[in-house]
Amino acid sequence: MKKTSYKNTQFVLIGMAFLSVAGLTGCSKVELSESTVTLELGEELSDNVADYLENSDKKVLSSAELDLSAVDESKVGSYSAKISYNNKDYPFTVNVIDTTAPECEATDYLYIQPGTVKVDDLIRNIKDASETSSGIVSCEKKNDLAACVYTEMLKEKAAINFILPYDDSDYQDSIELTEEGCYAVTAQVKDSEGNFTNVTTDIYVDGTAPELVENLMHLDVDASSINVDDIDTDDAEKIADMLHELPNFTDAEWAVASDAFCQDNKISYKFEQKSFNLQKENPIEVLNVHCTVEDHAGNANEADYEVTVTYIGLDAAALIEKMGLILQTSDDTSKGEKSGNVNVAGKKQTGEYKGNDTVNDLGMTDAEFAEMFDSMTPEEREAFIISLGEGDQANDTKEPGYYNSDYAQQVFAMVNQERANNGLAALTWDSSMTSYSDRRAKEITTDFSHNSAGGEMNVGENIAKGAISPDMVMDGWMRSDGHRANILNANYTKISVSCYYDGSTYYWVQNFAY
């Protein structure tokens with residue numbers, strides 16, 4: 001070790017017997033301040049000779065030499081040092097000691113899935129002047145997870161103490177926490193001189209994924225900003241893409257999540273277009289919304305919902321008349337690209353028939369309707385479209401404020417068919433509950449929720465809006481776990497259904513009773 005090579009130093013003087021030594025020349029004296037100097041490991045000795053002498057004059061200070069070459073400040077031990085003056089040595093002892101506990105950064109809390117907890121998960125960035133070792137030394141279950149509060153967990157701080165020592169043989173690199181609950185886990189870090197620091201962290205173990213519930217079955221999008229005169233394409237897929245850019249689907253609350261513990265669940269969405277229909281009233285797009293929810297422990301759940309998007313404010317009838325076409329796009333794939341085959345009244349643009357044999361409201365299959373429509377002159381097509389509009393106006397089911405009992409009975413029949421397909425007994429129509437369902441159908445035109453459902457009646461309920469046919473509303477309900485559960489509830493024995501049309505939108509209600 002070099003002589004007097006230390007700077008910005010600090011030393012600790014521990015009281016021992018005072019030593020006074022007379023100088024050899026004149027009246028100058030060399031008086032050591034202490035015969036023993038104590039230094040904390042990690043600190044540095046002073047290289048200033050005056051720090052080791054008591055009341056020395058300038059002559060002594062200018063001539064005395066300090067020799068610390070035998071002192072190793074990096075190791076605990078007792079070392080010899082001296083001050084030389086006028087050919088005489090004045091020895092003293094330097095004791096290097098370690099009484100400081102290790103420092104470390106502590107994790108305030110952990111929120112994890114069942115699994116492995118390592119000591120590095122609890123303590124990190126250990127600082128100490130000597131070598132250290134660390135390990136998990138204790139684990140105690142404090143509470144069931146159901147008795148814990150998520151918001152209180154977020155406020156927690158790790159507990160640090162220097163009270164209870166543990167033997168190195170107690171150290172574990174990791175532990176397994178396989179059951180849900182809150183655990184107090186203590187880790188210890190210890191240096192080679194036996195100084196230690198204990199860190200206790202609460203660990204919340206959660207193995208249950210959040211639940212997802214569909215929140216939106218229908219979304220109205222304002223398409224009034226699109227001018228029909230500006231549309232210069234007869235490609236239904238391009239028109240669908242144009243409309244699809246209007247809504248900000250990422251802001252829509254398609255689903256809501258519930259979790260027994262975590263109150264801060266992240267929901268993300270992906271969208272796939274299943275179909276797009278440009279029809280006389282309003283264009284309707286059917287989306288498959290894939291929802292994923294994850295809590296902060298990493299538990300995840302996912303679900304797919306079918307959502308109907310109605311684009312209002314667009315003069316679709318004028319667009320159809322301008323194009324001379326009834327357009328439809330559909331996606332034959334369940335995943336992948338958004339767009340699919342482009343159909344014109346059930347016919348592919350290549351001319352190959354891609355419709356189905358279902359008879360429509362005009363008593364024709366898709367192929368028959370396409371053949372008829374293609375054979376019309378532009379004037380005949382215009383007259384035909386106008387006649388469809390007049391027919392709608394003459395149809396009582398389109399009158400504002402009308403209860404469509406025929407649609408309600410069709411839904412009733414479809415419910416029992418679904419129950420039969422699943423081996424369940426048919427429900428009977430409850431006439432006494434019908435007036436209640438009718439009232440609910442009108443209520444949801446202004447408050448689309450279950451807020452006023454039930455009242456004095458003990459009933460189950462499904463509601464929907466925007467579906468334009470019994471097939472569409474039943475398809476939406478059967479794709480939703482909660483609605484499907486009502487329809488296929490083996491304990492229900494009675495049902496009433498109501499369909500209410502307010503002049504622009506159909507509203508649907510199912511009520512179930514025991």
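Biologist: How many cavities of 30 Å³ or more does a search of the whole structure find?

Modeller: This is a predicted model. The search covered the whole structure and counted cavities of 30 Å³ or more. The number found is one.

Biologist: How much space lies in the largest cavity?

Modeller: Residues that line the largest cavity include Met217, His218, Glu306 and Thr308. The space in the largest cavity is about 80 Å³.

Biologist: Which element supplies the largest share of the lining of the largest cavity?

Modeller: Strand 22 (300-312), strand 28 (460-465) and helix 10 each give at least two residues to this lining. Met472, Val473 and Gly476 are among the lining residues. The largest share is three residues, and the element that supplies them is helix 10.

Biologist: How do the residues of that lining divide into nonpolar, polar and charged?

Modeller: The lining includes Ala464, Lys465, Gly466 and Ala467. Lys counts as charged, while Gly counts as polar. Over the whole lining, the division is five nonpolar, four polar and two charged.

Biologist: Is helix 8 parallel or oblique to helix 10?

Modeller: The axes of helix 8 (residues 405-421) and helix 10 (residues 470-479) come within 9 Å and cross at roughly 40°. Angles under 35 degrees would count as roughly parallel. The crossing angle therefore makes helix 8, relative to helix 10, oblique.

Biologist: How many residues of the contact of helix 8 with helix 10 are nonpolar?

Modeller: Helix 8 contributes Tyr407, Gln410, Val411, Met414, Val415 and Glu418, and helix 10 contributes Pro470, Asp471, Val473, Met474, Trp477 and Met478. One of the contact residues is polar and two are charged. The nonpolar residues number nine.

Definitions and conventions
Residues numbered from 1 in each chain as written. Predicted model: local features only at pLDDT ≥ 70, side-chain atom pairs only at ≥ 80, totals over all residues. Heavy atoms only, no water. Axes fitted to C-alpha atoms, helices over the stretch in contact; angles between N-to-C directions. Helix = DSSP H or I, 4+ residues; strand = E, 2+ residues; numbered from the N terminus. Parallel < 35°, antiparallel > 145°, perpendicular 65-115°, else oblique. Contact = heavy atoms within 4.5 Å. 1 Å grid on protein atoms, 1.4 Å probe; cavity = no way out; pocket = protein on both sides within 12 Å on 5 of 7 lines; lining within 4 Å. Points joined across faces, edges and corners; volume = space filled by probe spheres on them.
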